[in-house]
Amino acid sequence: GAQADAAANAARTKSHPCFTCGACSTAARLHLPIAPRCNLSCNYCLRKYDCPNESRPGVTTAVLTPEQAVERFLQVKRDMPNLTVVGIAGPGDSLANPEATFRTLEMIRKEDPNITFCMSTNGLALPEFVEDMRRVGVSHATVTINAVDPAIGAQIYRYAEYRGGRYTGETAAALLLANQLAGLRALTRAGIVCKVNTVMLKGINDTHIPKVVETVRDLGAELTNIMQLIPVKGSAFENMPLVSNKELMDLRKSCEPTLRQMYHCKQCRADAVGLLGDDRSIDYRPPAPA
Ligand code: CLF
Ligand code: SF4
């Protein structure tokens, strides 16, 4: 039942390097880059690179098949006895590639009954997949929510693709928001521990973010990770003014009384391997062509 799941999932939080700062110098995570497609178009994104909702902008990760992903998992598990978390974080959106995402996690669960499963998503497709996430044993999830007002969301997203339709403007933003909020609620009801990532966008959502944090707290999110926008050359937000570290820290601190904040995010690659502060992915990628 959801209550038993909730207790078991919460028990994994203390060894999850993103959800517990104290675990980040000892517990390793492995991102399996099996999800290339995306169903959303964020203005700060350029799709030849990894999803900047939860990864380092301007980085292009080679996609693995689910079979190759299981091989990488087994290899990293042999190399790193401190591996605690397997995450799906792109390079597109995990739930825009549901077959690959769930097949990979199912296959890994057969190899390892205990490793923690984590997924990140923009949340557009979330309501239809919460049950699958529960079934394959995802205990931790991240939903990127940049606005809880469609008028603000409309400045952040170009379009959303949903059930064969393509939506733009406030229609897209309202559809995305409704699915993010319903999806987040369903996740926390299912006992899945949730973090919300928010990209701080100067002049667009910076003063609105406290409202985002309050909203997701009320839906059961455990913490929020307010992130710096790192402008991607060629994206619509290429020339956005940057938020300073101090502005980012001040906003996080002002939100801390509302909900626990993450301060140690490394904006990882979609194929990151190892400790958050010591990425070993280069050791596992095939050599770049000369
Ligand atoms: Fe990966 Fe994300 Fe899970 Fe962590 S990363 S899917 S919650 S296992 Fe962590 Fe990396 Fe920041 Fe993400 S430091 S980008 S918050
Ligand atoms: Fe890019 Fe990620 Fe937004 Fe998709 S969800 S458009 S991959 S930033």
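**Burial, loops and ligand surroundings in a predicted protein model**

At 12% relative accessibility, Gln-267 counts as buried, a term that denotes under 20% relative accessible area, while exposed denotes over 50% and partly exposed lies in between (1.4 Å probe, protein chains only). Gln-267 lies in the loop between strand 10 (260–261) and strand 11 (273–275); helices (H or I, at least four residues) and strands (E, at least two) are DSSP runs, numbered from the N terminus. The phi angle of Gln-267 is near 45°, a positive value in a residue other than glycine.

The structure is a predicted model, in which local features need pLDDT of at least 70 and side-chain atom pairs count only at pLDDT 80 or more, whereas totals for chains, interfaces and linings use all residues. Residues are numbered from 1 along each chain as its sequence is written, chains are lettered from A and ligands numbered from 1 in the order in which they are written, and side-chain values use heavy atoms, with hydrogens and water left out. The mean pLDDT of the protein chain is 94, and 99% of its residues reach 70 or more; pLDDT is the predictor's confidence in each residue, from 0 to 100. For the complex, the predictor gives an ipTM of 0.94 and a pTM of 0.95.

The protein chain contains eight helices and 12 strands. Its C-alpha atoms fill a box of roughly 50 × 45 × 40 Å, taken along the principal axes. The radius of gyration of the protein chain is 18 Å, which agrees with the value near 19 Å for a compact globule of 290 residues; this radius is taken over C-alpha atoms, and the globule rule is 2.2 Å times the number of residues to the power 0.38. Of the 290 residues in the protein chain, 56% are buried. The protein chain exposes about 12100 Å², of which carbon and sulfur atoms supply 53%; accessible areas come from the Shrake-Rupley method with a 1.4 Å probe, and for residues only the protein chains shown count as cover. Among contacts (heavy atoms within 4.5 Å) between residues at least 6 apart in sequence, 76% join residues at least 24 apart.

The loop between helix 1 (2–12) and strand 1 (28–31) holds Thr-13, and Pro-17 and Cys-18 are found there as well. Thr-13 is buried because its relative accessible area is 8%. Residues up to four places away in sequence not being counted, Thr-13 touches Phe-19, Thr-20, His-140 and Val-193. Pro-17 is also buried, with a relative accessible area of 0%. Beyond its neighbours within four places in sequence, Pro-17 is in contact with Ala-23, Cys-24, Ala-27, Arg-29, Thr-84, Val-85, His-264 and Leu-276. The C-alpha atoms of Pro-17 and Ala-28 are separated by 7.0 Å, these residues being 11 apart along the chain.

Cys-18 is buried at a relative accessible area of 13%. Its contacts, with neighbours within four places in sequence left aside, are Lys-195, Leu-223, Met-262, His-264 and Leu-276. Cys-18 and Lys-195 are 177 residues apart in sequence, and their C-alpha atoms are 9.2 Å apart in space.

Cys-18 is also among the closest residues to ligand 1, together with His-31, Glu-54, Cys-118 and Cys-268, in a surrounding set of 15 residues. A residue is counted as near a molecule or strand if one of its heavy atoms lies within 4 Å of it. The shell around ligand 1 divides into seven nonpolar, five polar and three charged residues; Ala, Val, Leu, Ile, Met, Phe, Trp, Tyr, Cys and Pro count as nonpolar, Asp, Glu, Lys and Arg as charged, and the others, Gly among them, as polar. Around ligand 2 are residues including Cys-38, Cys-42, Cys-45, Cys-51 and Arg-47. The shell of ligand 2 comprises seven nonpolar, three polar and one charged residue.

Further backbone features occur in other loops. A cis peptide bond joins Gly-90 and Pro-91, with omega about 15°, and Pro-91 lies in the loop between strand 3 (83–88) and helix 3 (98–111). Arg-163, which is not a glycine, has a positive phi of about 45°. Arg-163 is located in the loop between strand 6 (157–162) and strand 7 (165–168) and is exposed, with a relative accessible area of 66%.

Leu-175 belongs to helix 6 (residues 169–189). Apart from neighbours within four places in sequence, Leu-175 is in contact with Leu-124, Tyr-162 and Tyr-167. The C-alpha atoms of Leu-175 and Thr-26 are separated by 40 Å, with their positions 149 residues apart along the chain.
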